[in-house]
Amino acid sequence: MDKIRERVLVVEDNAMNMELVSDLLIAQGFTVMGAEDADVCWAKLRANAFDLILMDLQLPDKDGYTLVREIKQDPALATIPIVALTAYAMAGDQDKALAAGCAGVITKPIDTQKITRQIEHYLKRANS
Ligand code: MN
């Protein structure tokens, strides 16, 4: 699989996290677009195709779990793997993210050594 052509939508309202994640993914050859809230997320999803969505679960205009459920209910978008970005390492929050339809969870603070491998793992699983 050629990750140069893989498009990731990063939904994150924290500008520092957004920049960190985007820079790491771009450096690895991914095509990255960002959305800082649910409204912008929908606009980007309607106008572009994505291979994976990285989703902060705490957004200013909507809770991330609800947004994940809405995306998963859209037949045109349901197959895109969504990986949650969450500050909570609690097992309950991971279960809640998986129940909402997330393929997995990446906990914040972001592990810069690990995140691209984690994303590649979810992309591979989605394509196998
Ligand atoms: Mn947030």
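Guide: Helices and strands here are DSSP runs, with at least four residues for a helix (H or I) and at least two for a strand (E), and they are numbered from the N terminus. Welcome, and keep in mind that this is a predicted model.

Visitor: Where is K108 found?
Guide: Look at the two elements on either side of K108. One is strand β5, at 104-107, and the other is helix α5, at 115-127. K108 is found in the loop between β5 and α5.

Visitor: Is K108 buried or exposed?
Guide: A residue counts as buried when its relative accessible area is under 20%. The relative accessible area of K108 is 15%, so K108 is buried.

Visitor: Which side chain is joined to that of K108 by a polar contact of 3.1 Å?
Guide: Leaving out residues up to four places away in sequence, K108 touches E12, N17, D56, L85, T86 and A87. One of these also appears in the polar contact of 3.1 Å between side chains, and the partner of K108 there is D56.

Visitor: What kind of peptide bond leads from K108 to P109?
Guide: P109 lies in the loop between β5 and α5. As a general background, most peptide bonds are trans. From K108 to P109, omega is near 5°, and the bond is cis.

Visitor: Which residues coordinate the manganese ion?
Guide: The donors follow the spacing D-x42-D-x1-Q along the chain. They sit at 2.0 to 2.1 Å from the manganese ion, with OD atoms for both aspartates and an O atom for the glutamine. The residues are D13, D56 and Q58.

Visitor: How much relative accessible area does Q58 have?
Guide: Start with another donor, D56, which is buried with a relative accessible area of 3%. Q58 falls in the class between under 20% and over 50%. Q58 is therefore partly exposed, and its relative accessible area is 46%.

Visitor: In what order do the elements of the protein chain run?
Guide: The protein chain has five helices and five strands. From the N terminus on, the elements run β-α-β-α-β-α-β-α-β-α.

Visitor: What is the radius of gyration of the protein chain?
Guide: The C-alpha trace spans about 30 × 30 × 30 Å along its principal axes. The protein chain has five helices and five strands. For 128 residues the globule rule gives 14 Å, and the chain comes close to that, so it is as compact as a globular protein of that length, with a radius of gyration of 13 Å.

Visitor: Residues 24 or more positions apart account for what share of the contacts with a separation of 6 or more?
Guide: Two other totals help set the scene. Buried residues make up 44% of the 128 residues, and the chain exposes about 6700 Å², of which carbon and sulfur atoms supply 51%. As for those contacts with a separation of 6 or more, the share from residues 24 or more positions apart is 61%.

Visitor: How many disulfides does a search of the whole structure find?
Guide: A disulfide needs a pair of cysteine sulfur atoms within 2.5 Å. The sulfur of C41 has its closest cysteine sulfur in C102, 12 Å away, which is too far for a bond. Both residues are buried, C41 at 0% relative accessible area and C102 at 7%. The number of disulfides found is zero.

Visitor: Which residue caps the N-terminal end of α2?
Guide: The cap is seen in a distance of 3.2 Å, from a side-chain oxygen to the backbone nitrogen of D39. The residue that supplies the oxygen is D37.

Visitor: What covers the buried residues of α2?
Guide: The buried residues in α2 are A38, V40, C41, W42 and L45. V40 is in contact with G34 and A35, leaving aside its neighbours within four places in sequence. The cover over the buried residues of α2 includes β1, β2, β3 and α3.

Visitor: How far apart in space are F50 and G104, C-alpha to C-alpha?
Guide: F50 lies in the loop between α2 and β3, and it is buried with a relative accessible area of 8%. Leaving out residues up to four places away in sequence, F50 touches R7, V8, L9, M33, K44, L45 and I80. F50 and G104 are 54 residues apart in sequence, and their distance in space is 17 Å.

How values were computed
Residues numbered from 1 in each chain as written. Predicted model: local features only at pLDDT ≥ 70, side-chain atom pairs only at ≥ 80, totals over all residues. Heavy atoms only, no water. Buried < 20%, exposed > 50% of the residue type's maximum accessible area, 1.4 Å probe, protein only. Polar contact = N/O pair within 3.5 Å; in protein donor to acceptor, adjacent residues only side chain to side chain. Contact = heavy atoms within 4.5 Å. Donors = N, O, S within 2.8 Å, 3.2 Å for Na, K, Ca; no water. Rg over C-alpha atoms; globule rule 2.2 N^0.38 Å. Areas by Shrake-Rupley, 256 points an atom, 1.4 Å probe, with all protein chains shown as cover.
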